Each structure stands twice: as C-alpha cells, then as structure tokens.
Amino acid sequence: MTIPNSAEIEELRREARDLIGQWRDAARFQPRSDNWMRGFDGDFSRELAKRGLTGLTWPREYGGQGRGQLARLAVNEELLRAGAPVAAHWIGDRQIGPAVMRHGSPELRKEILPGIAAAQFVFCLGMSEPDAGSDLAAVRTMAVPAAGGWRVSGRKIWTTGAHHATHIYLLARTQRGDRKHEGLTEFIVDMDTPGVSVAPIVDLAGEHHFNEVTFSDVFVPEHRLLGTVGGAWRQVTEQLSFERGGPERFLSTYPLFALVLEHAGPEHRAAVGRLVARLATLRRLAWNVAASLDAGAAPIVDAATLKYLGNAFENDVVDFARQTARTGTPALAEACAQALLASPGFTIRGGAADVLLSIIAKQETRP
Amino acid sequence: MSDDRGELRRLIADVVDGTPIADRSSDELWHTLRGLGLTTVGVDEASGGSGGDYDDLATVVRTLGIHASGLPVAEAALAAWALSGDRAVDDRSRIAFAMDGGYEADLSVLRVPGVPWLRNESGVVVYDSSGSASYVELDAPGVTVHPEVNLADEPRDVLEIRGAMGVPLESAPPLAAARARHALLRAAGIAGAAEGTYRLTREYVMQREQFGKPLSRIPAVAASLASMRVALVQLDAAVERALDALRGDRHAGQAGSAAVAAAAVIASETAAICARTAHQLHGAMGVTQEYPLHHYTKRLWSWPGEVGSEEHSAEYLGGLALEHGEATVWNALTS
C-alpha cells in the first residue's frame, strides 16, 4: 500500500507538533499517561480546533476538514505521544461526530457537528448503567414518547467527563420486550436540561473523571433522536468499533515509555527491543485500520485485535517501567505510579479484553 | 509475475494441495516448483530469473508455509539473487544458501551450521560473518556436507570448507541486505505456517462435538481460537511493515534491518502461541503421527530460531532504541 497525500499528512503532523511544543515549553501542560481521558483543558482543545486539527474526517460544510482517517491518525498520535490534555474534544471527535455524520438528519448534523469540530461542544457517553456494563444491551433507562419529543428516566454510570460536558450521547430503551437488542434508541441531550444531574465517582487515584448521571423525567426534543427508533444496537456497535481501532489503545502509557528509554541501561536492551517490536507493529495495525476505514471497509477484527494487543502493551510498559524505576529518578517513579494507577481501566473501557476475544471468535467461527 | 499475488497464491495452492501433507517437502514437489520458476522469483528475467519482486517472493514463501511445505524456495531464490550480479542463473541451478559462517581459530576452516537442503544441491552461496560472499562447488576438494535435520525432519546440514573459499562474488549484495531478506522470508514462512495451523484448528473446533455441541461454542475454546487469530493479525502486520521498509531501503540500512528485527521478534512469539494453542485445542487428536497438525507445529517450533535468534533481534532493536532515543524510535514508527 502507498500512503495517500503523504505531504498533506506530514504538514498536519508538523502543525500538531508545533502547537504541542509551544504549550509544553510554556509549561501549559505536563505530559502524563492516559491524558486523553484524564487531561481536560478546553483552551487547548479549542486551540487545536482553531488550527484545523479537530473534526478532520468530516465534511467542511459541517465544520470539518474533509480529510481522511490517516490524517487524523497522524495528528492524534502526536497528541498521545506528548501526553497532551485532549479529553475535552476526544470523545466527540472520535465517535459522536462520526455517528452523527452516519446516522444524523441533516438538521442534527448542522446543529451538532460544527460545535464538536470547534471544541465548543464537549461530549460524554451515556452508555453504561449500574446493570449494563459489558452487556450493554441490558440498558434500562427508558425514553417514552411525549408531545414534541421524548421523556427520559434512568441512571448512567462511569460517565467520564460528565461534569465538564455540554452534551451527552444517550443510549435508551424505547420499547420493552424479550429481545433486548431490539427497542434501543440513541439521543443527544443537552447537559443543562432540567432533570439531568451529575454526581462524582472518585477513582482509585483520587481523581474525579467518572460520574453517575441521573435522568429524572428529562425532555428530549424529537430532532435530537439519532438514527432510527429501535435501531440503535447496530448503530452503537458500529460506533464502538470506531472507538476501538485508534492509537489511544496502545499509546496511553507512551509518555512513560519515552521516559523509560532515557533511563534503561544496556542490560535492558532485549526487553526494550521486544517492546519496540510490539509498538511498531501496533502502529502499523492502527495505520491498517485507518486505511481500511478510508477505503469504506469495517475492520472489526483488526480494530478488536489492535485494542486487545494495545492494552496488553500499555500494561507491559508499566510493568517494565517499574523494574527500571527502582534505580531511576523521582520523576520516573512518579510517572510510573501515575500510569499504574490509571492502568486498570485500559483493558476495561471500550470493550473488556475478554469481550474483544469473544467478538473476534464470533467473526471467525461464522460457518 | 507482476502484482497479481492472488493468482500467485492460487497457483501454489493448486500445486501443493494435490500432494499429501506428509510429502510436501518431497523432491518431486521441488522439481515442480522449479519448473514453475518459483525458485528464482525476485531475480530479473534478463539475469535468468523468473522476474517479480521481493514481495512476490515473500508471498510464495508464506503460501508454502500455509500448506506446511518446508521446501527451501527462500534460500534458492536468495542464492540466485546473490549470484545474479556475477553470473547467469536459471531454474535448474541447484544452489544452496549459507549465512554467517564462522572460521575456526586458525582461519583454515569455515563452518556453517543449519544450511537448508545442502545435501541435495551442487553448489552453495556462502556469506562468512565478515560479509564476504563466494560461490563454492560442493564437489570441490576440502568441502564437506554433514547431514543434520531440525525437529521437523528438514535437512539443516553443516557445511565445512577447508582451504580455499571458491569463487568470490564481487557483485553480491551486502551482508546486511542478505541477512535482512533471509530473516524476513523466514518470518513470512512462519506467518504462513501459523495461518495453516489456525485454519486446521478452526475447522477442528467447529466440527468436533463435546458436551453435545461443537467445541467452538465453549467460551474458553472460542477465546483461545481468537487469541491465535490475534497473534496472526499481529504477525502479518509486522511482516507487511518490514516489506515496506525493505522496499524503501534496498541495502537494508538501519530502517530496513530494524523493521525486519521487529518482525522476527513477533514471528517468534506468534509461532509459540499458535503451536501451543493449536495443540491444546486439538486435545489428544493433535498428537498422533496420522493427524496433520504436527506437520505445522514442528515447523513452528523449528523455524523461529534458525535465521538469527529472537534474543539477538530483540537486543539489536533495543540497542538501537537506547542509542538513538525516543525521537528516532518515533520517526521510525510513523514514517
């Protein structure tokens, strides 16, 4: 395969590096592992947007840049490499924008997409519930028809960034029945709608990223319905496969890996070499996934493989760093501890490792 | 032999599928492959080769691996490639390929272990560890072939040369390029054998019933099968990446050699995972002489260490990373 428009892609990469360099040199952010989820800085996201480094893949008429997935990969991998604070736009840019492009009405696209591309709209994901984790189809939050729209009641949990968000993507049940994959519908809800409340869940690092979001008879206007009534299962699984195949699935601990390269000694050559071999291969897989998406394919197995192997790599970086940290600097020890405390989430969010294997097996054992 | 690699794969599958799995390393099949020009892929037609490029050759080697054939197409084609600057080659040439020979202390004896199928050939292209390449006739005085085999019963003979080193090959490609190409073809062969192992295993767990249903319906079995698939996807990505790197770096400087080393490390891991998991999923069925699985797994156990050890590849790659630092590693990943 040849790389399309490689000059265009390298120019974007340079722009991303320039901005990252300016902010880092001015100490406007500290590189950290897992900062695509933990590092929230609306100013930084809006600065990226101003320079055309968000909304890269959707059309210009909706505020996007009309470029391909390979361009998006180049920009995002530079942000992850730097451990930059990108949580403010990451979820909207990665999966809500593309979902609205695919399933939204023209009005909904016009209403939502430019706001995401400009990093003015901050999205969180209302998927998981207390009784619906890996088994997402078990959601109970109900949306019932009302004059001019729907009324929603229920509870969502593990909602990252809900306390910063302007909008929530909501997966709700519009019909009860025996077949739990049917009767699900997607909505986009303003976080300031009366009846939406947010309660923090502090994680084991002592940080506040997760929340519980409660919907108490919340009105959602008809035009905020995404796609078809009762047809959300197919839409959401598609959205999740987009969510899985990106570089944040193996680069969450890259800032730590970069530090390790400075501290490891000659006795660590083989161990470092094995990590580099895996990292290089993962990056190639991410490139393959991006190229497949650009070609209009749905690389389900490749994306699940990338996430499965990528998360294992992220954890192995932490394990290796802990060995070298014993003789390293306090900065390395601190970076190591920070990544370690973030690490349990890697193999859970976006599809637990065990679920990914079952997705791959299902694809592979179709008669 | 241009870009239609699908056609190339079908051609090989057609030829090999007609041969029982235990005979896919036979002289007869070797003659057929030679007759089809598959042993000189990647050498220009003007130099007596079959044309095509190195990527075509990797496809041939990978496809033979899928069908559990261990015939030394990689070595024959590399020998022809190394010779072609100095002399004409043809499909009837019977030339082995020997890498990284070491001299004994007094420099009078050159010894190269593990040369594939040397006993069947009439000559050999030899690279010594200093990088000099030469062509040696096997019936010349002072040349001895000691037969040895690997776990898969494939000839891996010891070449011993006392005294003169045959005809120097002035136009032979540099040692690093020969090493990288050889190692990557081995990784491609492993990718093929791993895929063949996977296909056999997938078919088995989908057909074999226990507890009243196919094995593949047991979640732990399905997850094991998926973990094989994961390993295969990873290895194919590593091999593709290294093929791209060598295409842009014909003499295998650092970029090409590093990408090949990465593929070799991944190949070793994939081979181990696939062999172990395939046997586990086959249960006792997989351990008989009669059942075809061992034709694959013995190769997966043999091939990874034969062209440079995994440890050496990992150390080389890690050494480069530590020497040059993060920015260089990153550029190599993303270029």
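Two strands pair if DSSP finds at least two bridges between them; helices (H or I, at least four residues) and strands (E, at least two) are DSSP runs, numbered from the N terminus. This is a predicted model, where local features need pLDDT of at least 70, side-chain atom pairs count only at pLDDT 80 or more, and totals for chains, interfaces and linings use all residues. Residues are numbered from 1 along each chain as its sequence is written, chains are lettered from A and ligands numbered from 1 in the order in which they are written, and side-chain values use heavy atoms, with hydrogens and water left out.

**Exercise 1. Work out which strands β7 of chain A pairs with, and in what sense.**

Step 1. Start with β6(A), residues 196-202: this strand runs antiparallel to β7(A), with 7 bridges linking them. To pin down the register, look at A:I201, whose bridge partner in β7(A) is A:F210.

Step 2. Now follow the turn. The β6(A)–β7(A) hairpin has 5 residues between its strands, and A:G206 there has a positive phi near 85°.

Step 3. Go to β3(A), residues 149-157. Its pairing with β7(A) (residues 208-221) is also antiparallel, over 8 bridges. Here A:K156 sits opposite A:V213.

**Exercise 2. Place A:V144 and say whether it is buried, partly exposed or exposed.**

Step 1. Find the element: A:V144 belongs to strand β2(A), residues 142-146. As a reminder, side chains in a regular strand alternate between the two faces of the sheet.

Step 2. Check the accessibility. Buried means under 20% relative accessible area, exposed over 50%, and partly exposed in between (1.4 Å probe, protein chains only). A:V144 comes out at 40%, so it's partly exposed.

Step 3. List the contacts (heavy atoms within 4.5 Å). Skipping neighbours within four places in sequence, A:V144 touches A:G149, A:W150 and A:R151.

Step 4. Try a longer hop: A:M191 is 47 residues from A:V144 along the chain, and their C-alpha atoms are 19 Å apart.

**Exercise 3. Do the accessibility check for A:T253.**

Step 1. A:T253 is in a loop, between α7 (232-244) and α8 of chain A.

Step 2. Its relative accessibility is 0%, so A:T253 counts as buried.

Step 3. Beyond four places in sequence, its contacts include A:S33, A:E314 and A:F346.

**Exercise 4. Describe how chain A meets chain B, then zoom in on B:E310.**

Step 1. Count residues: 39 from chain A are in contact with 38 from chain B.

Step 2. Get the buried area, which is the accessible area (1.4 Å probe) that two parts lose on being put together, summed over both. The two chains bury about 3400 Å² between them, with 67% of it on carbon and sulfur atoms. On chain A, A:R269, A:R284 and A:E364 lose the most area to chain B, together 17% of what that side buries.

Step 3. Tally the salt bridges (a side-chain nitrogen of Lys or Arg within 4 Å of a carboxyl oxygen of Asp or Glu): there are 7 between chain A and chain B. One of them joins A:R274 to B:E310, with the closest N and O atoms 2.7 Å apart.

Step 4. See which helices contribute. Those supplying at least two residues of chain A's side include α1 (6-25), α9 (269-294) and α10 (300-325). The largest share, 15 residues, comes from α9(A).

Step 5. Finish at B:E310, in helix α9(B), residues 310-324. Apart from residues up to four places away in sequence, B:E310 touches A:R274, B:V265 and B:S268.
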